[in-house]
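Here are my notes on the model you sent, set out as numbered points. Please read them with the structure open beside you.

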Amino acid sequence: MNNSELKKAVTLLKEGCLVAMPTETVYGLAADAKNPEAIKKIFRAKGRPADHPLIVHIADILQLHAWAIDISPQARQLAEAFWPGPLTLILKKNSQVSDLLTGRQDTIGIRIPRHPIAQALLQAFGGGVAAPSANRFGRISPTTAEAVREELGDKVDLILEGGQCEVGVESTIVDVSGEIPRVLRPGMITSRQIEEVLHQHLSLEKKNVPRVSGALESHYAPMTKTKLMSREEIELYLQKLNENELPLAVLATEPLLCQKKQVTIVVMKKNPFAYAHDLYQALRDLDKRNFQLIILQKVPDNADWDAVRDRLQRASS
Ligand code: TXA
Ligand code: MG
């Protein structure tokens, strides 16, 4: 992004327009968080229901008070440890914050992203920027500028090119508005890392979870039918396939033995960071190829894979 493009992006935000902004997690659909008309445009462009709150992105922790109150010591510790970075904190909202942003909840999600283009844009703009992932509601989040174009096309006034997102899945969301912090959406900052910083166990309570669109069962989903299976289930399934059945794909975590010509196997990388980095683009590519089914191989059951496991579950429900 050169200087004139940055200026253009800032001007558009100030005029209440939509700008697609690369972040280290996924691309966001950005608008001035203080402009109600601009916020409404985000919901319209995504086809997102009004009660699904947006995350506000800021450049600097000094801006936090404009949005949130009652910032607990734990919230501060997490902000210091992980910002700028792929962490969203849910805090009690400042009374001046528009209900349009928060879906009438008394809390607000805040994040300082670390992608250099997001940083430059937020600093030059100076205020908070509301930005959900830049996809249509319920679909796969975009991890390239090209994917934003596919998702939203001319519904966005400018798409900033920022290369492929480094993390590849959405930020970890931690609710620090209550007594005990709680993860609402797993991300590549793991529960273990958070507990290490806080010297405290996280709440596992599922009750009273606020409305989180990322918490809807079917989310981040391809159009093609998908199924989550273990290696054994996949091998059995493939063995039983008839010659004349339609093409299908397997997103695998290891090479699989299968010679059938209608089966396409994509082998993902072995570690959770590399897997997460490639996941949405791999799903997006497979989704375009008219398979009758995409089989997702289950990933390991340990905490390092929480974010990936969560996205695979949602993609297949
Ligand atoms: O990595 C990310 O977080 C990306 C990039 C662009 O920053 N953004 C993102 O936004 O994933 P979105 O809107 O697609 O997902 C944000 C999630 C939604 O599930 C929303 O419901 C939840 O955060 N959320 C926002 N504010 C909340 C609040 N006050 N309480 C609970 N959940 C909230
Ligand atoms: Mg989203």
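1. In this predicted model, the side chain of Thr-25 makes a polar contact of 3.1 Å with the side chain of Arg-111. Thr-25 lies in the loop that runs between strand E1 (19–21) and strand E2, and with a relative accessible area of 3% this threonine is buried, because the cut-off for that term is under 20%. Leaving out residues up to four places away in sequence, Thr-25 touches Pro-86, Arg-111, Thr-143 and Cys-165, and also Val-167, Gly-168, Val-169, Glu-170 and Ser-171.

2. The two strands on either side of that loop form a hairpin, with 6 residues between them. E1 and E2 pair in the antiparallel sense over 3 bridges, and within this pairing Val-19 stands opposite Ala-30 of E2. E2 is also joined to strand E7 (residues 129–130) by 2 bridges, again antiparallel, with Asp-32 opposite Val-129 in E7. E2 is mostly covered, since 5 of its 5 residues are buried.

3. Which elements supply at least two residues each to the largest nonpolar core? They are strands E2 (28–32), E5 (87–93) and E6 (107–111), together with helices H2 (36–46), H3 (73–82), H6 (145–152) and H7 (191–198). H2 gives the most to this core, with 5 residues. The core has 45 residues in total, and those with the most contacts inside it are Trp-67, Leu-78, Leu-89, Leu-91, Leu-101 and Ile-110.

4. Leu-78 is worth a look in its own right. Apart from its neighbours within four places in sequence, Leu-78 is in contact with Trp-83, Leu-87, Leu-89, Val-174, Val-176, Ile-194, Val-197 and Leu-198. A second, separate core of 25 residues includes Met-268, Leu-283, Phe-291 and Val-299.

5. Trp-67, listed above among the core residues with the most contacts, also has a charged partner, as Lys-34 lies over the face of Trp-67 at 4.6 Å from the ring centre.

6. The structure holds 1 aromatic pair, formed by Tyr-275 and Trp-305 in an edge-to-face arrangement, with 5.5 Å from centre to centre and 80° between the planes. The pair links distant parts of the chain, 30 residues apart: Tyr-275 belongs to helix H9 (residues 272–287), whereas Trp-305 sits in the loop between strand E14 (293–297) and helix H10 (306–315). Is each partner buried or exposed? Tyr-275 is buried, with a relative accessible area of 0%, and Trp-305 likewise counts as buried, at 6% relative accessibility.

Note on methods
Residues are numbered from 1 along each chain as its sequence is written. Chains are lettered from A and ligands numbered from 1 in the order in which they are written. This is a predicted model: local features need pLDDT of at least 70, side-chain atom pairs count only at pLDDT 80 or more; totals for chains, interfaces and linings use all residues. Side-chain values use heavy atoms; hydrogens and water are left out. A nonpolar core is a set of buried Ala, Val, Leu, Ile, Met, Phe, Trp, Tyr and Cys residues joined through side-chain atoms within 4.5 Å. Buried means under 20% relative accessible area, exposed over 50%, partly exposed in between (1.4 Å probe, protein chains only). Helices (H or I, at least four residues) and strands (E, at least two) are DSSP runs, numbered from the N terminus. Contact means heavy atoms within 4.5 Å. A polar contact is a pair of N or O atoms within 3.5 Å; within protein, one must be able to donate a hydrogen and the other to accept it, and residues adjacent in sequence count only if both atoms are side-chain atoms. Two strands pair if DSSP finds at least two bridges between them. Rings of Phe, Tyr and Trp (its six-membered ring) pair if their centres lie within 6.5 Å; planes under 30 degrees apart count as stacked, over 60 as edge-to-face and the rest as tilted. A charge sits over a ring if NZ of Lys or CZ of Arg is within 6 Å of the ring centre and within 35 degrees of the ring normal.
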